[in-house]
Amino acid sequence: MRILLVEDDSTVRAFVLKGLREAGHVVDEADNGKDGLFLAVSENYDVVILDRMLPGGIDGLRILETLRGQQNATPVLLLSALADVDERVAGLKAGGDDYMTKPFAFSELLARVEALGRRGRPESAPQTRLTVGDLEMDLLSRTVKRGNEKIDLQPREFRLLEFLIRHAGQVVTRTMLLERVWDYHFDPQTNVIDVHVSRLRQKVDKPFATPLIHTIRNAGYILRAD
């Protein structure tokens, strides 16, 4: 599943993020209400995990109410240190689908998230394969093939290619890659992206007749099957 995690506690966020990714899910993250709201309304997710109390003037209930006001029915699991019954009721009345109080066991969180994902998509199976042209990525086995030839990728290369495939046909900027693939929220002023894109091209494009990864001058990169 594709999941959005909005949590300002860095320890909790890292703990949940690691567990969800190890379980095979694709996770975007935000550590404040403003960024969380932007991602929640501009991207498509199977489940949103939302902290009740957030910095930045926009709390979890505000994000939840905005989603529901836009007729967005994405399942939302609220996390909170507030265990009071009235707080839980307020979260559920605002449109939350489930509510967990901190501290919690990750195994229970994972079970609840996956249950919400099944509820939100009862007629469709989870997306486990991504394809662009003759390029195919299997998210379960973590394998990549082009035509009938297997391509061996390092974990970071796999994440980079997955992001490019998910945004196939769209220009992907340096900032987007730094935030989503490297989890940097600043520019480290290095050529790390150029190096990894070059390595990825050596594996995905060079052995084949038609390139898929294209550089858009002064903008970024785009993956497309011409």
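# A tour of the chain and its salt bridges

Start with the protein chain in cartoon view: 8 helices and 12 strands are there. The model is a predicted one.

**The whole chain.** Turn the C-alpha trace along its principal axes, where the protein chain spans about 60 × 40 × 30 Å. A compact globule of 226 residues would have a radius of gyration near 17 Å, and the 19 Å of the protein chain agrees with that. Now switch on the surface. The protein chain exposes about 11800 Å², of which carbon and sulfur atoms supply 49%. Of the 226 residues, 45% count as buried. Contacts come next: among those with a separation of 6 or more, 55% are between residues 24 or more positions apart.

**The charges.** Select Lys, Arg, Asp and Glu. The protein chain has 31 positive and 34 negative charges, and the mean positions of the two sets are 4 Å apart. Side chains of opposite charge can pair when their charged atoms come close. How many salt bridges does the count come to? The count comes to 20 salt bridges. Three of them follow.

**First stop: Asp28 and Arg180.** Select both side chains; they meet in a salt bridge, with 3.5 Å from N to O. Asp28 belongs to strand S2 (residues 26-30) and Arg180 to helix H7 (residues 174-180), so this pair ties together parts that are 152 residues apart in sequence. Are the two residues buried or exposed? Both Asp28 and Arg180 are buried.

**Next stop: Glu108 and Arg112.** Go to helix H5, residues 106-120. Here Glu108 forms a salt bridge with Arg112, and their closest N and O atoms are 2.7 Å apart. The two residues are 4 positions apart in the helix, which means that about one helical turn separates Glu108 and Arg112. Glu108 counts as partly exposed because its relative accessibility is 36%. Arg112 is also partly exposed, with a relative accessible area of 25%.

**Last pair: Arg159 and Asp183.** Select these two and look for the salt bridge, in which the closest N and O atoms are 3.8 Å apart. Which parts of the chain does the pair link? Arg159 sits in helix H6 (residues 155-166), while Asp183 is in the loop between H7 and helix H8 (192-204); the pair links distant parts of the chain, 24 residues apart. Arg159 is partly exposed at a relative accessible area of 23%, and Asp183 is partly exposed at 28%.

**A network to finish.** Now select Arg2, Asp28, Glu43 and Arg180 together: salt bridges that share partners join these residues into one network.

Technical notes. Residues are numbered from 1 along each chain as its sequence is written. This is a predicted model: local features need pLDDT of at least 70, side-chain atom pairs count only at pLDDT 80 or more; totals for chains, interfaces and linings use all residues. Side-chain values use heavy atoms; hydrogens and water are left out. The radius of gyration is taken over C-alpha atoms; the globule rule is 2.2 Å times the number of residues to the power 0.38. Buried means under 20% relative accessible area, exposed over 50%, partly exposed in between (1.4 Å probe, protein chains only). Contact means heavy atoms within 4.5 Å. Accessible areas come from the Shrake-Rupley method with a 1.4 Å probe; for residues, only the protein chains shown count as cover. The place of a charge is taken as NZ of Lys, CZ of Arg, CG of Asp or CD of Glu. A salt bridge is a side-chain nitrogen of Lys or Arg within 4 Å of a carboxyl oxygen of Asp or Glu.
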